[in-house]
Amino acid sequence: MVFLRSEEHLGRWLDRNGWEPGATMSAATLNELARLWWWTRVEPDWRPRTPSESQAILGELGLTGDFWRLT
Amino acid sequence: MDEVDLRIRNHLYGSFVADGRTRTAAETAAALGLGEEEVADAYRRLHDGHALVLHPGTTEIRMLNPFSAVETPHRVEADGRSWFANCAWDALGIPAALHTDGSVSSACPDCGEPLELELRDGELVHGADLLVHFVVPARQWWDDIAFT
């Protein structure tokens, strides 16, 4: 996933590549997600999350529905 | 994931954070007193378990997510060092994983203009209103993680 300047730039980029729109959020929301998702990643007591734990993180930010279903 | 795989995984992350360099299976085997083939098998299991990403058909590490071992369009400054991230999400994930402030330099894929983001105390103080787009639905993220 990529950063884009605006909706206008996003629309042009999708059109040029022939891609259907997926999901868009602000960088601020992605930052919240990144903190929840990656916070423990380099810690020695890291353990893999279960799919349901990962799904719960997405849900915590309102990222629900078919697009966000992990399994 | 068994304890040996976790030990190898922790060694890889610890080493990468320390000096920004991935380790071959032979180097990890020597460092941990394990057999090279045993470590190579563990690398493949860690890849299959999405704990790291190997270059296709090899045991060469491409990603220790959120870190990229190869150059990408997403450069991150954090903890006094420069890193490459695999994507926008990982770019913001590097300061999060290191529990530190940081900045991200990327570019808009539409117009090529540089995009700069700055994180302070966990908040985006610059670039918060930029957009992020996910093309691939979540259940397909790992079908081609480099594209995702």
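Start your tour by selecting α4(B): eleven of its eleven residues are buried, so this helix is largely enclosed by the rest of the structure. Keep in mind as you click along that this is a predicted model. The buried residues of α4(B) are Ala88(B), Trp89(B), Asp90(B), Ala91(B), Leu92(B), Gly93(B), Ile94(B), Pro95(B), Ala96(B), Ala97(B) and Leu98(B). Now step just past the helix to His99(B), where phi is positive at about 55 degrees.

**Stop 2: a cavity beside the helix**

Next, select the residues around the largest cavity: Asn31(A), Arg35(A), Leu92(B), Pro95(B), Ala96(B), Thr100(B), Leu119(B) and Gly122(B). The space inside the largest cavity comes to about 40 Å³, and the count of cavities of 30 Å³ or more is one. Which element supplies the largest share of this lining? That is α4(B), with three residues. Colour α2 of chain A as well, since α2 of chain A and α4 of chain B each give at least two residues to the lining of the largest cavity. By class, the lining of the largest cavity has four nonpolar residues, three polar and one charged.

**Stop 3: the largest pocket**

Zoom out to the largest pocket, which holds about 1,100 Å³ of space. It has 46 lining residues, and those closest to its centre are Asn65(B), Trp89(B), Trp141(B), Trp142(B) and Ile145(B). To see the walls, colour by element: from chain A, α2 (27-38) and α3 (51-60) each give two or more residues to the lining, as do β2 (61-64), α4 (88-98), β6 (102-107) and β9 (131-134) of chain B. Colouring by class instead will show 27 nonpolar, 14 polar and five charged residues in the lining of the largest pocket.

**Stop 4: the second largest pocket**

Ile145(B) also leads you onward, being among the residues nearest the centre of the second largest pocket, along with His47(B), Val53(B), Leu54(B) and Pro56(B). This second pocket has a volume of about 240 Å³ and is lined by 16 residues. Show α3 (36-48) and β1 (53-54) of chain B, each of which provides at least two lining residues. The largest share, three residues, belongs to α3(B). The lining of the second largest pocket divides into seven nonpolar, five polar and four charged residues.

**Stop 5: a histidine among chain A residues**

Now pick His133(B), which sits in strand β9 of chain B. Is it buried or exposed? Its relative accessibility is 1%, so His133(B) counts as buried. Display chain A around it: beyond its neighbours in sequence within four places, His133(B) is in contact with Met1(A), Val2(A), Leu4(A), Leu10(A), Trp13(A), Leu14(A), Pro21(A), Gly22(A), Ala23(A) and Thr24(A). Draw a distance from the backbone nitrogen of Gly22(A) to the polar side-chain atom of His133(B) that lies 2.9 Å away.

**Stop 6: a strand with two faces**

Finish at β4(B), residues 74-78, with side chains switched on. In a regular strand, side chains alternate between the two faces of the sheet. Here His74(B), Val76(B) and Ala78(B) point to one face and are buried, whereas Arg75(B) and Glu77(B) point to the other and are not.

Then add the strands that pair with β4(B). β5 (residues 81-85) of chain B runs antiparallel to β4(B), joined by five bridges, with Phe84(B) as the bridge partner of Arg75(B). These two strands form a hairpin with two residues between them, and Asp79(B) in the turn has a positive phi of about 60 degrees. β6(B) also pairs with β4(B) in the antiparallel sense, over four bridges, and there Ser103(B) is the bridge partner of Glu77(B).

Terms used
Residues are numbered from 1 along each chain as its sequence is written. Chains are lettered from A and ligands numbered from 1 in the order in which they are written. This is a predicted model: local features need pLDDT of at least 70, side-chain atom pairs count only at pLDDT 80 or more; totals for chains, interfaces and linings use all residues. Side-chain values use heavy atoms; hydrogens and water are left out. On a 1 Å grid over the protein atoms alone, a cavity is a set of points where a 1.4 Å probe fits but cannot get out, and a pocket is an open set with protein on both sides within 12 Å along at least five of seven lines; lining residues have an atom within 4 Å of a point. Grid points are joined across faces, edges and corners, and a volume is the space filled by probe spheres set on the points. Ala, Val, Leu, Ile, Met, Phe, Trp, Tyr, Cys and Pro count as nonpolar, Asp, Glu, Lys and Arg as charged, and the others, Gly among them, as polar. Buried means under 20% relative accessible area, exposed over 50%, partly exposed in between (1.4 Å probe, protein chains only). Two strands pair if DSSP finds at least two bridges between them. A polar contact is a pair of N or O atoms within 3.5 Å; within protein, one must be able to donate a hydrogen and the other to accept it, and residues adjacent in sequence count only if both atoms are side-chain atoms. Contact means heavy atoms within 4.5 Å.
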